[in-house]
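Trainee: I should like to learn how features of a protein model are to be read from its coordinates. May we take them one at a time?

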Amino acid sequence: MSDLADSGVVIVGGGMVGVTLALLIAKAAPELSVTLLEAAKLPPALAPGQSPSYTPSFDARNTALSRRSIEAFKELGVWSELAPHATPIHQIHVSDKGHFGMARLSAAEENVDSFGYVVENAWLGAVLLAALRRCLSVNLKDGVRVTQVTSTAEMAQVRYRAADSQGAEETLLSTPLLIAADGAQSQSRAWLGIDVRSQPYGQTAIVTACETSLPHEQVAYERFTADGPIALLPLPDLPINVADATAAGCRRSLVWALNEAEAARVQTLNDADFIAALQKAFGRRAGRFLRVGKRHAYPLTLMVASQQVQGRAVILGNAAHSLHPVAGQGYNLCVRDALVLSAQLADAHQQGKDLGDKKDLAAYAAARTQDQSQIIRFSDSLVRGFSTANPALSLLRNIGLVGFDVLPGAKPALARYAMGLNHA
């Protein structure tokens, strides 16, 4: 079966980045049609008072949204729905366990109400999908498996069929522009012949929610240890009628990166032993760890695609660059990519131009090079710089942390960059 009608834009991948891009295009160019293909069957709209469930696209992890990402959500009209499920970050505390170096950032000192907000991916997905289903220009096809992607100078094409049926007839969809946002293991990227540079960190991130004896007071901790970084972020309280609700203000998100062997061992511990190991690794800055939720493990690898444009195709999100979560910049970088791309497509559509114009796509890739390169280098250098046991390098990094805490101008520069305000 062939569908050769003008689809406008086809997006492969209905995860956080694909859905965000579809919403941005619908806002910037409401008359431009978008087809979004997603392999997973996405959950239906939530009933009042219902909490979202985890899906492959919107999983157990949490996302620290930068101020620029929040501005984008406000422009989309979804922030009012998302805000009740998000917690502001008023302070950032960075430390190196066993060493004197420490740095602190305060939103009040930077004259902003927060550095950003932390939200659970499941809630982010629920709100964004609800908004997407209200977009008349977006045709969402979930539960479909893409079987082939091609891109030539004349057109891009996608073949897909129902994911739950091996014998289902395939549909052929032609488009002037294909956007592949199908994750770090992107099959679309492989079909397009785009190579990647992949550097495993040899670490696994253990992700869960936990309760502490001290309230979080909207402080985000980044604690570097000899075994790997620990991020402890503030989370919203659960409703008091939820069985595992924590004490007010004491619920936090944990991302604990460990070498693969140690992570495998820690994952087998019962809750009491896991909490004891976490307490020993993190220390007492958050008080005592009292309870921990279900744990999930994610291997960590730096992956950067050799190119982000191929013919009439653009790769986006983790398909283009997958970062270590240490600095919380991955999704925010993708939002900035999507903002630039959606604005360019809206302009091309308004002018009646070819959406897959080679020069325009090259201009998009060039426009995003500096921001992407800086964030990738920053995140990677943090991981590698704080992972070394070399005494001389350890001394230098701790002097750097102290210097950052006292040097005029250092904090505002980094704070503005972390908030995503120096870029698109």
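Mentor: Let us begin with a cut-off: a residue is called buried when its relative accessible area is under 20%, exposed when this area is over 50%, and partly exposed in between. Please keep in mind that the model is predicted. With that cut-off, the buried residues of helix α4 are N121, A122, W123, L124, G125, V127, L128, L129, A131 and L132.

Trainee: How many of the residues of α4 are buried, and what follows for the helix?

Mentor: The count is 10 of 12, so α4 is largely enclosed by the rest of the structure. Its length can be checked as well. Helix α4 covers residues 121-132, and at 1.5 Å a residue it should span 16 Å; the end C-alpha atoms are 16 Å apart, which agrees.

Trainee: What span should α8 have, and how far apart are its end C-alpha atoms?

Mentor: The 21 residues of α8 should span 30 Å at 1.5 Å a residue, and the end C-alpha atoms are 31 Å apart, which agrees. Of these residues, 16 are buried, so α8 too is largely enclosed by the rest of the structure. After α8 comes G352, with a positive phi near 70°.

Trainee: What is the overall make-up of the chain, and what percentage of its residues count as buried?

Mentor: The protein chain has 11 helices and 22 strands. Of its 424 residues, 54% count as buried. The chain exposes about 18,500 Å², of which carbon and sulfur atoms supply 54%. Among contacts with a separation of 6 or more, 74% join residues 24 or more positions apart.

Trainee: How should one read a nonpolar core, and which residues touch the most other members of the largest one?

Mentor: In soluble globular proteins, nonpolar side chains tend to be buried together. Here the largest nonpolar core has 55 residues, and I11, F73, I179, L316 and Y331 touch the most other members. Helix α8 (residues 330-350) gives this core its largest share, 10 residues. Another core lies apart from it and has 20 residues, among them L232, W256, A263 and L269.

Trainee: Which residues does I11 touch, beyond those up to four places away in sequence?

Mentor: I11 touches G18, L21, A22, I25, V34, T35, L36, L37 and I179.

Trainee: How is a sheet to be read, and in what order do the six strands of the open sheet lie?

Mentor: Strands of a sheet pair through backbone hydrogen bonds, either parallel or antiparallel. The open sheet in this model has the order β9-β3-β2-β13-β21-β20, with mixed pairing. Strands β9 (138-142) and β20 (309-310) stand at the edges with a single partner strand each, so one side of each is left without a neighbour in the sheet. Within the sheet, β2 (residues 9-12) and β3 (residues 34-38) pair in the parallel sense over four bridges. The bridge partner of V12 in β3 is L37.

Trainee: Where is T212 placed, and with which side chain does its own side chain make a polar contact?

Mentor: T212 belongs to strand β14 (residues 196-212). Its relative accessible area is 1%, and T212 is buried. The side chain of T212 makes a polar contact of 2.8 Å with the side chain of R252. Beyond neighbours within four places in sequence, T212 is in contact with C250, R252, A286, R288, F289 and L290. A further case is S174 in strand β12 (residues 171-175). S174 counts as buried at 8% relative accessibility, and a polar contact of 3.0 Å joins its side chain to that of Q157.

Trainee: What is the sign of phi for E217 and for Q218?

Mentor: Both values are positive in residues other than glycine: phi is near 50° for E217 and near 60° for Q218. E217 lies in the loop between β14 and β15 (219-225), and Q218 is found in that loop as well. E217 counts as exposed at 53% relative accessibility, whereas Q218 is partly exposed at 23%.

Trainee: Is the loop residue V326 buried or exposed?

Mentor: V326 is buried, with a relative accessible area of 4%. V326 lies in the loop between β22 (321-322) and α8. The C-alpha atoms of V326 and P229 are separated by 6.9 Å, although these residues are 97 residues apart along the chain.

Terms used:
Residues numbered from 1 in each chain as written. Predicted model: local features only at pLDDT ≥ 70, side-chain atom pairs only at ≥ 80, totals over all residues. Heavy atoms only, no water. Helix = DSSP H or I, 4+ residues; strand = E, 2+ residues; numbered from the N terminus. Buried < 20%, exposed > 50% of the residue type's maximum accessible area, 1.4 Å probe, protein only. Contact = heavy atoms within 4.5 Å. Areas by Shrake-Rupley, 256 points an atom, 1.4 Å probe, with all protein chains shown as cover. Core = buried A, V, L, I, M, F, W, Y, C linked by side-chain atoms within 4.5 Å. Expected span 1.5 Å × (residues − 1). Pairing = 2+ DSSP bridges. Polar contact = N/O pair within 3.5 Å; in protein donor to acceptor, adjacent residues only side chain to side chain.
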